[in-house]
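Welcome! Below is a short tour of a protein with a ligand, written for someone meeting the two together for the first time. Please have a look at the sequence and structure, then read on.

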Amino acid sequence: MELSDRQEQIIQIVKDNGPITGEHIADRLNLTRATLRPDLAILTMAGFLDARPRVGYFFTGKTGTELLTEKLKKFKVEEYQSVPIVVEDNVSVYDAICTMFLEDVGTLFVTDDQSHLTGVLSRKDLLRASMGNQDINSIPVHIIMTRMPNITVCKQEDLLVDAAQQLIEKQIDGLPVIVPREKGLEVIGRITKTNITKALVELARDEHL
Ligand code: ADP
């Protein structure tokens, strides 16, 4: 985050003199305590300063980068997941391609008639199946999909950074967000590279102060 000149001054005063009360900081800047209050609130919320009742403000010693990293590590999958696009495993490759275009996604999740996850279809899975002389109207997607138990999944409560690491390690574009049920996995969301990019942009734009 960009700090104002006054906020930089406050940090310096607290670094040199902390713990120091709000009143004493205000005195040094020839300002009233009330004028200073918003700056102190911002610096405390952003993690540069910490406040102890009856003791005053002290410098946490954390750099901007450390604070950003701390925040990034708190992001949860549930805050960033999108709606999953799901097809049943008996639909044709042709229909899956249509769904992918209509829904404007790069990954489809495949379920059985009980809505349990059975597989994943990527763009290239569908392209591969469309090459050659196969009749894509008659091939069901379960023939060509990547199937369970080889599907990498995540849960709502997982950290976004752990989901991102899975995408990198497995070299895939997306993960289904699942809830384990008695007879299988219910798909309730998806996390893709786009969701992770959005989180990064939010962070850079200070929306997670
Ligand atoms: P593309 O194949 O279009 O580049 P991906 O990199 O996402 O897209 O997919 C690569 C392969 O990994 C595909 O065969 C796909 O079925 C499979 N795949 C995609 N997502 C997952 C996942 N979450 N778990 C397991 N396999 C996956």
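## Polar contacts with the ligand

In this predicted model, a polar side-chain atom of Ser122 lies 2.7 Å from an oxygen atom of the ligand. That is a polar contact, meaning a pair of N or O atoms within 3.5 Å. The backbone takes part too: a backbone N or O atom of Thr152 is 2.9 Å from a nitrogen atom of the ligand, and a polar backbone atom of Asp173 lies 2.9 Å from a ligand oxygen atom. How much of the ligand does the protein bury? Taken alone, the ligand exposes 550 Å², and the protein buries 83% of that (accessible areas by the Shrake-Rupley method with a 1.4 Å probe).

A word on how to read these values: residues are numbered from 1 along each chain as its sequence is written. Local features need pLDDT of at least 70 and side-chain atom pairs count only at pLDDT 80 or more, while totals for chains, interfaces and linings use all residues, and side-chain values use heavy atoms, with hydrogens and water left out.

## The shell around the ligand

Which residues come nearest to the ligand? Of the 15 around it, they are Ser122, Asp125, Thr146, Thr152 and Asp173; a residue belongs here if one of its heavy atoms lies within 4 Å of the ligand. By type, the shell holds five nonpolar, six polar and four charged residues (Asp, Glu, Lys and Arg count as charged; Ala, Val, Leu, Ile, Met, Phe, Trp, Tyr, Cys and Pro as nonpolar; the others, Gly among them, as polar).

Strand E5 (117-122), helix H7 (123-130) and strand E7 (174-181) each give at least two residues to this shell. Helices (H or I, at least four residues) and strands (E, at least two) are DSSP runs, numbered from the N terminus.

## Two domains

The protein chain is split into domain 1 (5-62) and domain 2 (77-200), with bounds from an automatic or database domain assignment. Their C-alpha centres are 49 Å apart.

## Backbone details in the loops

Two cis peptide bonds are worth finding. One runs from Gly18 to Pro19, with omega near -5°, and Pro19 lies in the loop between helix H1 (5-17) and helix H2 (22-28). The other joins Met148 to Pro149, with omega near 5°; Pro149 sits in the loop between strand E6 (146-147) and helix H9 (160-170).

Asn30 is a residue other than glycine with a positive phi, near 55°. Look for Asn30 in the loop between H2 and helix H3 (33-45).

Terms used:
Polar contact = N/O pair within 3.5 Å; in protein donor to acceptor, adjacent residues only side chain to side chain.
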